[in-house]
Amino acid sequence: MKPKVLVTREVFDEVLEYLSQHFEVTSNQSDVPFDPGTLASKLSDKEGALITLSDKIDATLLSHCPKLKTVCNIAVGYNNIDLEACTKAKVMATNTPGVLDDTTGDFTWALILATARRLTEAETYLRKGQWDGWKLKQFLGMDVHHATLGIFGLGRIGQVVARRAIGFEMKIIYHDVRRAASEIEQACRTSFVNKDELLGQADIVTIHVPYSPATHHLIGKQELEKMKPTAILINASRGGVVDDSALIEALRSGTIAGAGLDVFENEPKLNQGFLELKNVALAPHIASSSRATRYNMAMLAAKNLVAALTGEKPPNLLNPF
Ligand code: DGY
């Protein structure tokens, strides 16, 4: 008898075919997220699960899933998983690092350029039929080339963003909890600064840190007030790293000039304040969403699932086993 696994959301056919070679697969191809009660009942007889960041794995859920041995996130971020609870319940948790760095870095640049050059605002104006001709002072934006880029978090994705910035001949500064190795700093042509220096010097502040209690509201009212009034803030990391209400107020009052956001607090419920603002470019958590990368993420998660249930160490195990 093959072990039973649950795939909680829609995935590519190839991923289901691969999993079906090893497991009896139940999959939610309708793609409507399960509420916690439904997830618990669907998982009650399963040994493994391919999950996404909208599936919360905590002690309560695990108490209903006596057979569960592994939960495999289709995401590099894993703040939806209580690792301590998994370890206590002897459930292996895995994520998908590495395969989405370039794609997420590319999209960060889409947000930087769209925000600095007011692309979404200009497109909305055009679509509404308001364009009545070329004007010298129309949608004056901010130059990205030669500007100062401030990167919070020089991990894999932060490094990709920095390397792309070299082409724009930018000054690149970063802050992280730990200073990066000098080879990394050199490859990224970046120098380490403290948090306040980064906020005060950068024309573009971009965030690439994981969400955790330590990074909750890393950027709030005080931090926004330390930024230049001409600066823009970019977040393609996780909702909750930025205090959305404080950001909306800062964008309204002109404390900063603009923001480009792919992630939000309480996704998918957007703080309506964002929709009233022109100086913000918004995206629905799609930074890693190129066809190739989303496929690679799902396949890597599936490989973790197969390894975990066939007695091998999953390549991307997050908790001690
Ligand atoms: C991740 O992998 O954590 C991304 O946010 C998913 O899109």
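Okay, so the shell around the ligand: five of its residues are nonpolar, three are polar and two are charged. Keep in mind that this is a predicted model. Who's in that shell? You've got Leu 53, Ala 75, Val 76, Gly 77, Leu 100, Arg 238, His 285, Ser 288, Arg 294 and Met 297 around the ligand.

Now the polar contacts. Val 76 puts a backbone N or O atom 2.7 Å from a ligand oxygen, and Gly 77 has a backbone N or O atom 2.9 Å from an oxygen of the ligand. With His 285 we're talking side chain: a polar atom there lies 2.7 Å from a ligand oxygen. And how much of the ligand does the protein bury? On its own the ligand would expose 230 Å², and 90% of that is buried by the protein.

Right, on to the nonpolar cores. In soluble globular proteins, nonpolar side chains tend to be buried together. Here the largest core has 46 residues, and the ones touching the most other members are Leu 19, Leu 50, Leu 149, Met 170 and Ile 204. Elements giving two or more residues to that core include strand E1 (4–7), helix H1 (13–20), helix H5 (101–116) and helix H12 (291–309). Which one gives the largest share? That's H12, with eight residues.

Let's zoom in on Leu 19. Skipping neighbours within four places in sequence, Leu 19 contacts Val 7, Val 25, Leu 50, Ala 302, Leu 305 and Val 306.

Last thing: there's a second, separate core of 29 residues, with Val 209, Leu 218, Ile 219 and Phe 274 among them.

Definitions and conventions: Residues are numbered from 1 along each chain as its sequence is written. This is a predicted model: local features need pLDDT of at least 70, side-chain atom pairs count only at pLDDT 80 or more; totals for chains, interfaces and linings use all residues. Side-chain values use heavy atoms; hydrogens and water are left out. A residue is near a molecule or strand if one of its heavy atoms lies within 4 Å of it. A polar contact is a pair of N or O atoms within 3.5 Å; within protein, one must be able to donate a hydrogen and the other to accept it, and residues adjacent in sequence count only if both atoms are side-chain atoms. Accessible areas come from the Shrake-Rupley method with a 1.4 Å probe; for residues, only the protein chains shown count as cover. Ala, Val, Leu, Ile, Met, Phe, Trp, Tyr, Cys and Pro count as nonpolar, Asp, Glu, Lys and Arg as charged, and the others, Gly among them, as polar. A nonpolar core is a set of buried Ala, Val, Leu, Ile, Met, Phe, Trp, Tyr and Cys residues joined through side-chain atoms within 4.5 Å. Buried means under 20% relative accessible area, exposed over 50%, partly exposed in between (1.4 Å probe, protein chains only). Helices (H or I, at least four residues) and strands (E, at least two) are DSSP runs, numbered from the N terminus. Contact means heavy atoms within 4.5 Å.
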